[in-house]
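Visitor: I would like to learn how to read a model like this one. Could you take me through it feature by feature?

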Amino acid sequence: MAGQINAFEMAQKQFDGVAKMLNLDPQIAEVLRWPMREFSFRIPVRMDDGTIRVFQGYRVQHNDSRGPNKGGIRFHPNETFDTVRALATWMTWKCAVADIPLGGGKGGIIVDPSSLTTPEKERLCRGWVQNMWKNIGPRQDVPAPDVGTTPQMMGWMMDEYSKLVGQYTPGVFTGKPLGGGGSEGRTEATGYGVIYTVREAMKHLKMDPKKTVAAIEGFGNVAQYAAIGFIEMLGGKVACVSCWDRNDKTSYTYSHKDGIDPRFLLTITDQYGTIDQTKAKAAGYVIEDGEKWIEKECDVLIPAAIEGHVNGETVQKMSKRVKIVAEGANGPCTPEADEYFKKNGIFDIPDFLCNAGGVTTSYFESVQNDMNFYWTKNEVLEKLDTKMTSAFHAVLNMSQKENVYMRDAAYMVAIDRVVKAMQLRGQI
Ligand code: NAD
């Protein structure tokens, strides 16, 4: 996905490093460095003009020792089996770090969803479920939205599954629309979760949030609410956001001399996270190359778009002022970037801790589906804050106790919990 970087090799490399640090039995490591089950299938879809197009679909179930597999479905033109494998692996660690009783999974389809009409998208979503329904379910594997997929799509998928099994089963997909089995707070959850961890990192580093500036990559679901949270919860300023322009097929950075106004930008952004250039320019925004976001003068970098963009090369362009990197996206920083952070004393909040707010609220959603009783947005966000804060401190404590880098500490907390569950179940 990210040029020369293979995301799954990166996930395995990170795991191998920590397995060594933990002195993990090589036989156990061999189980955990690979997904337990994988699905690859072709989905024929009748297009509006009567022709049939065939799409490549995937689902990877990495580990379910702590509970049903959990993880999003991505619709992306550059999706690969290895990207899905990497993301499924990270989900296992993410659920374990967040301390929710779920395992790791991920799915995808190679497609640019913006090239499809609404009825074509619905048929594609239903086609994915027709291939996978026997291997997913509230007690088996619970998918959710991710890049390129929406709450509406989860609604269609849940409906298709319910039809196939013959009963209303809202807990099979999370991230559903409100009124269709969805949870309050799910839209904001990942971005706000990022900000809860940034807030705790700032307390730890004794930074005054009101005096800080953030630079954000992306302007999709995660980046939008990270930007809003940074300004409205912390009182900081956001120098820029960026996006992939689906018309120009290139990325751009949007900045404003007074700091960006995410609530305004939301009004001129389409459902795929592409910002309207003409309207942004008219409102005084400066539009530059998509790589520029990383060069902005700031204290906090929040990569919240795509994997591998903070790498050995781009990291050299970072402002020397940066103290915190909060990984909103999955796998945005490469091992070379990690080396740079370690050398320069930059505090990294690793992806599977930083962006665990989405899956935690997904878990809350399935709990509410099970109870058939729904919480208010405040109740959801309060519970989310408690979970994220406790996850952050579990990792920080491990990092201080073992004198290790935050990503390694997060892996240590997660792997320890997964191995314990496997041992308790007699799987190893
Ligand atoms: P999204 O589809 O809503 O938005 C993606 C954003 O990234 C868009 O603004 C898009 O224009 C931008 N983008 C895509 N390619 C780009 C490029 N090459 N350069 C610059 N910008 C680019 O996706 P999202 O839900 O916000 O997810 C973003 C990241 O966060 C992904 O890595 C995803 O796996 C991860 N994540 C999402 C959630 C969630 O709840 N949505 C949870 C955890 C992790």
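Guide: Let us go from the domains to the ligand, and then to a helix and some single residues. Please keep in mind that this is a predicted model.

Visitor: Happy to start with the domains. Into which domains is the protein chain divided?

Guide: The chain has domain 1, residues 38-170, and domain 2, residues 187-349. Their C-alpha centres are 27 Å apart. To see how they meet, look at the contacts: 13 residues of domain 1 are in contact with eight residues of domain 2.

Visitor: And where does the ligand lie with respect to domain 1 and domain 2?

Guide: The way to read this is to ask which domains give residues to the shell around the ligand. Both domain 1 and domain 2 do, so the ligand lies between them.

Visitor: How many residues surround the ligand, and which are the closest?

Guide: There are 25 residues around the ligand, and the closest are Thr 190, Asn 221, Val 222, Trp 244 and Asn 330. Sorted by class, the shell holds nine nonpolar, eleven polar and five charged residues.

Visitor: Which helices and strands each supply at least two residues of that shell?

Guide: Helix α6 (186-204), helix α7 (221-232) and strand β7 (237-245) each supply at least two. With three residues, β7 gives the most.

Visitor: Now the polar contacts. Which residues place a polar atom by an oxygen atom of the ligand?

Guide: It helps to separate side chain from backbone here. Thr 190 uses its side chain, with a polar atom 2.7 Å from a ligand oxygen. Phe 219 takes part through its backbone, where a polar atom is 2.9 Å from an oxygen of the ligand. Gly 273 also uses a backbone N or O atom, at 3.1 Å from a ligand oxygen.

Visitor: How much of the ligand does the protein bury?

Guide: A general idea comes before the number. The size of an interface is often expressed as the accessible area that is lost when the parts come together. For this ligand, the area exposed when it is taken alone is 820 Å², and the protein buries 89% of that.

Visitor: Let us move to a helix. Which residues of α10 are buried?

Guide: In α10, residues 335-343, the buried ones are Pro 335, Ala 337, Asp 338, Tyr 340 and Phe 341. The next step is to ask what they pack against: α1 (7-21), β11 (324-326), β12 (347-349) and α14 (406-424). After α10 comes Gly 345, with a positive phi near 60 degrees.

Visitor: How should I read a positive phi in general?

Guide: Most residues other than glycine have a negative phi. With that in mind, look at Asp 99, which is not a glycine but has a positive phi near 60 degrees. Asp 99 is in the loop between α3 (81-97) and β4 (104-110). Another case is Asn 372, whose phi is positive at about 55 degrees although it is not a glycine either. Asn 372 sits in the loop between α12 (357-371) and α13 (377-402).

Visitor: Are Asp 99 and Asn 372 buried, partly exposed or exposed?

Guide: Asp 99 has a relative accessible area of 39%, so it is partly exposed. Asn 372 is at 63% relative accessibility and therefore counts as exposed, since the cut-off for exposed is over 50%.

Visitor: What about a loop residue on the other side of the scale: why does Thr 149 count as buried?

Guide: Thr 149 counts as buried because its relative accessibility is 9%, and buried means under 20%. Thr 149 is in the loop between β5 (141-145) and α5 (151-165). Its side chain reaches the backbone oxygen of Ile 73 at 2.6 Å. Leaving aside residues up to four places away in sequence, Thr 149 touches Ile 73, Phe 75 and Met 154.

Visitor: One more loop residue, please. Where is Gly 331, and which residues does it touch?

Guide: Gly 331 is in the loop between β11 and α10. At 3% relative accessibility, it counts as buried. Not counting residues up to four places away in sequence, Gly 331 touches Met 10, Trp 90, Glu 307, Gly 308 and Asp 351.

Conventions:
Residues are numbered from 1 along each chain as its sequence is written. This is a predicted model: local features need pLDDT of at least 70, side-chain atom pairs count only at pLDDT 80 or more; totals for chains, interfaces and linings use all residues. Side-chain values use heavy atoms; hydrogens and water are left out. Helices (H or I, at least four residues) and strands (E, at least two) are DSSP runs, numbered from the N terminus. Buried means under 20% relative accessible area, exposed over 50%, partly exposed in between (1.4 Å probe, protein chains only). A polar contact is a pair of N or O atoms within 3.5 Å; within protein, one must be able to donate a hydrogen and the other to accept it, and residues adjacent in sequence count only if both atoms are side-chain atoms. Contact means heavy atoms within 4.5 Å. A residue is near a molecule or strand if one of its heavy atoms lies within 4 Å of it. Accessible areas come from the Shrake-Rupley method with a 1.4 Å probe; for residues, only the protein chains shown count as cover. Ala, Val, Leu, Ile, Met, Phe, Trp, Tyr, Cys and Pro count as nonpolar, Asp, Glu, Lys and Arg as charged, and the others, Gly among them, as polar. Domain bounds come from an automatic or database domain assignment.
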